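Please walk me through this structure. Start with one helix and the sheet beneath it, then move along the chain.

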Amino acid sequence: MNAKEKLQQDLIERLGTVIVPIKLRTLAEYFSKSSRTIRNHLNELINENNAPWMLLNAEVMRDPTKQGKMKLKTYWFDKQELEALFALSSIIEQFPTESNFKKLISPFKNRIDEILKNNNQQNNLVQKIKLIEIAGRKITEQVFQNISQALLENKQLQISFWNRFTDQTTSRKISAITLIKYKDNWLLDAYCHHKKELRTFSLEAIQQIQIIDQTAKQIPKKQQQTHYQASYGIYAGKDNKLATLIFNPYISRWVKDEQWHPLQTGKFLKNGSYQLTIPYNNDTELISEILKHGANVKVIAPQELKDKIIKVLENTLKVYKN
């Protein structure tokens, strides 16, 4: 620990034991430093490390907008930021050991893990918190690296893509937009030059990939948001339907806290059931989510969705009868 880090650590410890607000001059005298030096270090902790203090009229006081953050080493994080750190560390860990991409970004993981560790090894959060992924599909290193490079250099990609719905493989020229980790699997939002529209591609279904020395097509942010964020789940498109589901009182204990869609609405009914209304476009993923709840949920509307659920259940029953 260098002199700068030592002083900042001492500042943090001191502010954790004294009553604030405290005058900047008082801190400067305590550490035998100038008020300017103490101010500079505090500003760095506040601006770069998210420290929960503020400087006002030559006094140090608590910042009311930063209460409830958790301190790790000399950084402060809220719940979402902590989740992001654990998720990123977990994602990096999933790459093969021999992966060049993993070797490239491993210093970032080491830094994250160092932040998450406590000086007392018994309080090592890296060892005490796990993110377990289920049913993740494997992707090749070449696919991931080429997409990452294309995004970085703003280049187009030529891919050979296997459509599992039709069992057909087609060649596509695409402009990558966003790489996404969704429900334990990697997806790519991109503009398809063949279809001339926005699409989402599963990385494990990309069989061949090559970077093209052509500038990627730029899609306005508003158009991206309208297409990708408007409807249920990752199956994008402007939502034009509303699904109404009713969950029985038992399963409602869990469902009431779930977010299926940012614009969903929910309410409890008199009998303790929970009614959930969800905007959607493509019902593929929605049907899958509904079926996960079995007899604990019933589709009320629209009739088209209700009929599809009935058909899936009837076909499933036939499999077991046969």
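Begin with helix α3, which lies across β2 and β3 and runs at about 135 degrees to β2. The model is a predicted one.

The sheet under this helix is open and has three strands, in the order β1-β3-β2. Its pairing is antiparallel. Strands β1 (22-23) and β2 stand at the edges; each has a single partner strand, so one side of each is left without a neighbour in the sheet. Strands of a sheet pair through backbone hydrogen bonds, in a parallel or an antiparallel way.

Look at the two pairings in turn. Strand β2 covers residues 53-56 and strand β3 residues 59-62. Four bridges hold this antiparallel pair. Within it, Met-54 stands opposite Met-61 in β3. The hairpin of β2 and β3 has two residues between the strands, and Asn-57 takes a positive phi near 55 degrees there. On the other pairing, β1 and β3 run antiparallel and are joined by two bridges. Ile-22 has Val-60 in β3 as its bridge partner.

Return to helix α3, which spans residues 35-48. His-41 is found in this helix. Is His-41 buried or exposed? With a relative accessible area of 14%, His-41 is buried, because buried means under 20%. What does His-41 touch beyond its neighbours within four places in sequence? Its contacts there are Lys-4, Leu-7, Gln-8 and Leu-11.

Lys-4 also takes part in a salt bridge. Its side chain meets that of Glu-44, at 2.8 Å from N to O. Glu-44 sits in helix α3 and Lys-4 in helix α1 (residues 3-15), so this pair links distant parts of the chain, 40 residues apart. Glu-44 counts as partly exposed, at 22% relative accessibility. Lys-4 is partly exposed as well, at 38%. Side chains of opposite charge can pair when their charged atoms come close. The structure holds eleven salt bridges, counting a Lys or Arg side-chain nitrogen within 4 Å of an Asp or Glu carboxyl oxygen.

Now move to the second sheet. Four strands form this open sheet, in the order β12-β13-β11-β14. Here too the pairing is antiparallel. Which strands stand at the edges? They are β12 (265-268) and β14 (297-301); each has a single partner strand, so one side of each lacks a neighbour in the sheet. Neighbouring strands of this sheet are turned by 25 degrees against each other on average, direction ignored.

Inside the sheet, β11 (residues 241-247) and β13 (residues 274-280) run antiparallel. Seven bridges join them. Leu-242 stands opposite Pro-279 in β13. Helix α11 packs on the sheet and touches β11, β13 and β14. The direction of α11 makes about 145 degrees with that of β14.

Helix α11 covers residues 303-321 and includes Val-312. Val-312 counts as partly exposed, at 31% relative accessibility. With Leu-291 and Leu-313, Val-312 makes a nonpolar surface patch of about 210 Å². Why can Val-312 be part of a patch at 31%? Patches are made of residues with over 30% relative accessible area and no salt bridge, and 31% passes that cut-off.

Helix α11 also has a charged contact. Asp-283 forms a salt bridge with Lys-308, with the closest N and O atoms 2.7 Å apart. Asp-283 lies in the loop between β13 and α10 (284-292), while Lys-308 is in helix α11, so the pair ties together parts that are 25 residues apart in sequence. How is each partner placed with respect to the surface? Asp-283 counts as buried, at 9% relative accessibility. Lys-308 counts as partly exposed, at 33%. The pair belongs to a network of salt bridges that links Lys-241, Asp-283, Glu-304 and Lys-308.

End with a salt bridge between sequence neighbours, Asp-257 and Lys-256. Their side chains meet at 3.1 Å from N to O. Asp-257 is exposed, with a relative accessible area of 60%. Lys-256 is partly exposed, at 38%.

Note on methods
Residues are numbered from 1 along each chain as its sequence is written. This is a predicted model: local features need pLDDT of at least 70, side-chain atom pairs count only at pLDDT 80 or more; totals for chains, interfaces and linings use all residues. Side-chain values use heavy atoms; hydrogens and water are left out. Patches are made of residues with over 30% relative accessible area and no salt bridge: like charges are joined within 9 Å, nonpolar side chains (Val, Leu, Ile, Met, Phe, Trp, Tyr) within 5 Å. Accessible areas come from the Shrake-Rupley method with a 1.4 Å probe; for residues, only the protein chains shown count as cover. Buried means under 20% relative accessible area, exposed over 50%, partly exposed in between (1.4 Å probe, protein chains only). Two strands pair if DSSP finds at least two bridges between them. Axes are lines fitted to C-alpha atoms, for helices over the stretch in contact, and angles run from 0 to 180 degrees between N-to-C directions. Contact means heavy atoms within 4.5 Å.
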